[in-house]
Amino acid sequence: MVSCIRIIWYLTSSKDTNLSLGYDCITRTDKKVMFLQNGAAKYILTLKALRGNARYEFQFCSVNENIHAIFDQIIKLHK
């Protein structure tokens with residue numbers, strides 16, 4: 001069986017801004033929660049990737065409380 005799993009990120013406000021990462025390129029995932037001065041939580045997902053000799057690090061941030069469930073799914077999929 002051959003599968004091509006990808007993580008696709010895009011901006012709804014800009015059709016020209018998007019990112020697509022192949023599952024096989026991701027080497028590490030990490031999730032953090034930071035609290036802003038106003039007390040709101042800021043969720044950060046970090047993906048480290050490797051393609052050829054190039055290393056990449058992508059950080060996705062959100063203050064939406066529901067985003068942590070999506071971040072958890074990405075981390076669970078990677079494990």
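These legends go with close-up views of a predicted model.

**View 1. Asp72 and Lys31 join up in a salt bridge.** Let's start with a charged pair. The side chains of Asp72 and Lys31 meet here, at 2.6 Å from N to O. Asp72 sits in helix H1, which covers residues 67–78, while Lys31 belongs to strand E3, residues 26–35, so this salt bridge ties together parts that lie 41 residues apart in sequence. How exposed is Asp72? Asp72 comes out as partly exposed, at 31% relative accessibility. Its partner Lys31 is partly exposed too, with a relative accessible area of 29%.

**View 2. Lys48 and Glu57 make another salt bridge.** How many salt bridges turn up in a search of the whole structure? The answer is 2. In this view, the side chains of Lys48 and Glu57 meet, with 3.7 Å from N to O. Lys48 is partly exposed at 29% relative accessibility. Glu57 has a relative accessible area of 48%, so it still counts as partly exposed, because the exposed label is kept for values over 50%.

**View 3. Strands E1 and E2 form a hairpin.** Follow the chain along strand E1, residues 6–11, and then back along strand E2, residues 14–22. Which way do these two strands pair, parallel or antiparallel? They pair in the antiparallel sense, over 6 bridges. Between E1 and E2 there are 2 residues. To get your bearings, look for Tyr10, which stands opposite Asn18 in E2.

**View 4. Thr46 is a buried residue in strand E4.** Strand E4 runs over residues 41–51, and Thr46 is part of it. Is Thr46 buried or exposed? With a relative accessible area of 10%, Thr46 is buried, because anything under 20% gets that label. So who are its neighbours? Setting aside residues within four places in sequence, Thr46 is in contact with Arg28, Thr29 and Asp30, and also with Glu57, Phe58 and Gln59. You've met Glu57 already: its side chain is in the salt bridge with Lys48.

**View 5. Ile5, Tyr23 and Leu77 make a nonpolar patch on the surface.** Now for a spot on the outside. Which residues make up this nonpolar surface patch? They are Ile5, Tyr23 and Leu77, and the patch measures about 240 Å². Leu77 lies in helix H1, the helix that also holds Asp72 from the first view. Leu77 is partly exposed, with a relative accessible area of 44%.

How values were computed: Residues numbered from 1 in each chain as written. Predicted model: local features only at pLDDT ≥ 70, side-chain atom pairs only at ≥ 80, totals over all residues. Heavy atoms only, no water. Salt bridge = Lys/Arg side-chain N within 4 Å of Asp/Glu carboxyl O. Helix = DSSP H or I, 4+ residues; strand = E, 2+ residues; numbered from the N terminus. Buried < 20%, exposed > 50% of the residue type's maximum accessible area, 1.4 Å probe, protein only. Pairing = 2+ DSSP bridges. Contact = heavy atoms within 4.5 Å. Patch = residues over 30% accessible without salt bridge, like charges linked within 9 Å, V, L, I, M, F, W, Y side chains within 5 Å. Areas by Shrake-Rupley, 256 points an atom, 1.4 Å probe, with all protein chains shown as cover.
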